[in-house]
Structures are given as C-alpha cells and as structure tokens.
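Biologist: Thanks for sitting down with me. Could we go through this one together, question by question?

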Amino acid sequence: MFENFGTHNKIIDFSSFTLVIALLALTNTLYAQKKEKNFVSISNGRDLKGWKGDSTYWRVENGLLIGEVTPSTLLKRNSFIIYQKNMPDNFELKVEYRVSAKGNSGINYRSVLIDGERFALKGYQADIDGEDNWSGQNYEERGREFLALRGQKVVIEPNGKIQLTDTLGTKADLQKFIHKEDWNEYHLIINGNRLQHFINGVLMSDVTDQDSVHQTFTGYLGVQVHVGPPMKIEYRDFRVKKLK
C-alpha cells in the first residue's frame, strides 16, 4: 500500500518498511541465539514439570518459579525444589532471580539427597539473600559450610584447609553490582574442580576444590527456601550449557 505524506509528497512503501523491521527483529534473534549458543532451557514457565518440591512453598505463576514462606508456613529446616533430570557434570548455568528484602535462598548443584528427609540437599550452593550479606558466595549446604565468601578466590587443599589466593573486590563493593529487590542474573561456571559464581557478569567467588574427601563432580540441582522470617524468591529462565 502506498500513501502520500507531507508537502513533498514523499512515498513510503509500507510493505518494504515492514520487511525491514522483520529483518531487524530476525537479526536480533539470531544474535541472541548465537550469544546463548548451546544453552538449553530446563524450566518451561508453565508448571513444575521436571522439578519436585513441596507445593506448600513452590509454584509457577506468570512464567516464574516462585518459592514463598508465609507467617503460617514457617520452616523448621530448609526446603528445596529439585530438578529431576540428569545434570551434566561440567556445565554453565544461567538464571535470573529476584529475592525479597528478608529473603534467603540459593542454587544447589552437584548435590546429594539427604536420606530420610523430604526435599533436602547436601552440596555446593551459590548463595542468595536480600540483606546484602551472602549473595555470590560459595556455601556447602549440610557440609563444610563457607567455602568462599563474596570477593574471595580460594583453593581448598587436599587436607581440607582453605587458602585465600586472591581477592576479587571487597564484599561491599561487589554488592553494588547486585540489584536489591530487583532482577539479577546468576551465572555459574562449574568445570572440573573449579567453581565460579558470577552475578550480573561480575565474578563474586572462585573456588578450586582439591579436597578429595568432600569434593563432588556430579549430583542434583535445586533451589531453596530458607528457615527464618517470611520470604519470597522468584526465578525465571533456567538454562544450562554442557561443558566438555
């Protein structure tokens, strides 16, 4: 369709204009796909298919995986929703999260189920909290506990001793990159015995685990609601890339 606009009778071909817009959109899509090459979604945004957790605390709503603790559902121990399919031993994981001001959560990986307890995990955790204390650190749930605080690069020696080898920035300075009560992107690079936690593209902690008694190279992925006051954690767009 053609129409005349203005005093100069300029002619705009709307079919050509639409084609240009479509090509630009396709270019942006292809660029995004290239940027995210080999990442595979592990949550569908519609229901909890592929995940298992306590429905008292976990639901899917408006495309989000939501964990919520209310005044009437306070926890006596941490509770996870656990991904049921096999995770690659070495992988990158990207996911966006938003946590309430009093919230406490975390992404467990290479973790094991706790015998006799429902929805409980033991293993490495990429920590998340809303009070600016722990997000980005590496904490071993039900295990060695603090492996690397935010801002630390460490080597865990074969005897289990943790050696600080470098600093990535102060805890307070790195916190400035984390958006409070807003969306952030967690990016984990888990390869061999090296465990790197990034938030919004910034390296927050870096662990090389040489402790053969406690290190793990395989296991479950899960996310957590934590003992404490009422809280809410929201996750969206879980995607995983297998590393060789």
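Biologist: Which residue forms a salt bridge with Lys180?

Modeller: Keep in mind that this is a predicted model. Lys180 sits in the loop between helix H2 (171-175) and strand E15 (184-191), and its partner lies 48 residues apart from it, in the loop between E10 and strand E11 (138-141). The closest N and O atoms are 3.4 Å apart, and the partner is Asp132.

Biologist: Is Asp132 buried or partly exposed?

Modeller: Buried would need a relative accessible area under 20%. Asp132 has 30% relative accessibility, so Asp132 counts as partly exposed.

Biologist: Nice. What is the volume of the largest cavity?

Modeller: The count comes to two cavities of 30 Å³ or more. The largest cavity is lined by residues including Tyr97, Asp129, His179 and both members of the pair we just discussed, Asp132 and Lys180. Its volume is about 60 Å³.

Biologist: Let's turn to another pair. Which residue meets Lys94 in a salt bridge?

Modeller: Lys94 belongs to strand E8 (residues 91-99), while the partner is in the loop between helix H1 (14-35) and strand E3 (40-41), 58 residues apart. The N to O distance is 3.3 Å, and the partner is Glu36.

Biologist: Which of the categories, buried or partly exposed, does Lys94 fall into?

Modeller: The cut-off for buried is under 20% relative accessible area. Glu36 has 22%, so Glu36 counts as partly exposed. Lys94 has 11%, so Lys94 counts as buried.

Biologist: Which residues are linked with Glu36 and Lys94 in a network of salt bridges?

Modeller: The structure holds 17 salt bridges, and the Lys94 and Glu36 pair is part of a network. Beside those two, the linked residues are Glu185, Asp237 and Arg239.

Biologist: And how many residues apart in sequence are the parts that Arg194 and Asp206 tie together?

Modeller: The side chains of Arg194 and Asp206 meet in a salt bridge at 2.6 Å, N to O. Arg194 is partly exposed at 33%, whereas Asp206 is buried at 1%. Arg194 lies in strand E16 (residues 194-199) and Asp206 in strand E17 (residues 202-209), so the parts tied together are twelve residues apart.

Biologist: On to the sheet. Which strands stand at the edges?

Modeller: Seven strands form an open sheet, paired antiparallel, in the order E4-E7-E18-E9-E10-E11-E12. A strand with a single partner has one side left without a neighbour in the sheet, so the edge strands are E4 (51-52) and E12 (145-148).

Biologist: Within that sheet, which residue in E10 stands opposite Ser105?

Modeller: Strand E9 (residues 104-113) and strand E10 (residues 121-129) run antiparallel and are joined by eight bridges. Ser105 stands opposite Ile128.

Biologist: Which residue in the hairpin of E13 and E14 takes a positive phi?

Modeller: E13 (residues 152-156) and E14 (residues 162-167) pair in the antiparallel sense over five bridges, with Val155 opposite Gln163. Five residues lie between the strands, and the one with a phi near 95° is Gly160.

Biologist: Last one, on confidence. Over which residues does pLDDT stay under 50?

Modeller: The mean pLDDT of the chain is 89, with 86% of its residues at 70 or more. One stretch stays under 50, and the model has 15 contacts beyond four places in sequence for it. That stretch is residues 1-34.

Methods. Residues numbered from 1 in each chain as written. Predicted model: local features only at pLDDT ≥ 70, side-chain atom pairs only at ≥ 80, totals over all residues. Heavy atoms only, no water. Pairing = 2+ DSSP bridges. Helix = DSSP H or I, 4+ residues; strand = E, 2+ residues; numbered from the N terminus. Salt bridge = Lys/Arg side-chain N within 4 Å of Asp/Glu carboxyl O. Buried < 20%, exposed > 50% of the residue type's maximum accessible area, 1.4 Å probe, protein only. pLDDT = per-residue confidence, 0-100. Contact = heavy atoms within 4.5 Å. 1 Å grid on protein atoms, 1.4 Å probe; cavity = no way out; pocket = protein on both sides within 12 Å on 5 of 7 lines; lining within 4 Å. Points joined across faces, edges and corners; volume = space filled by probe spheres on them.
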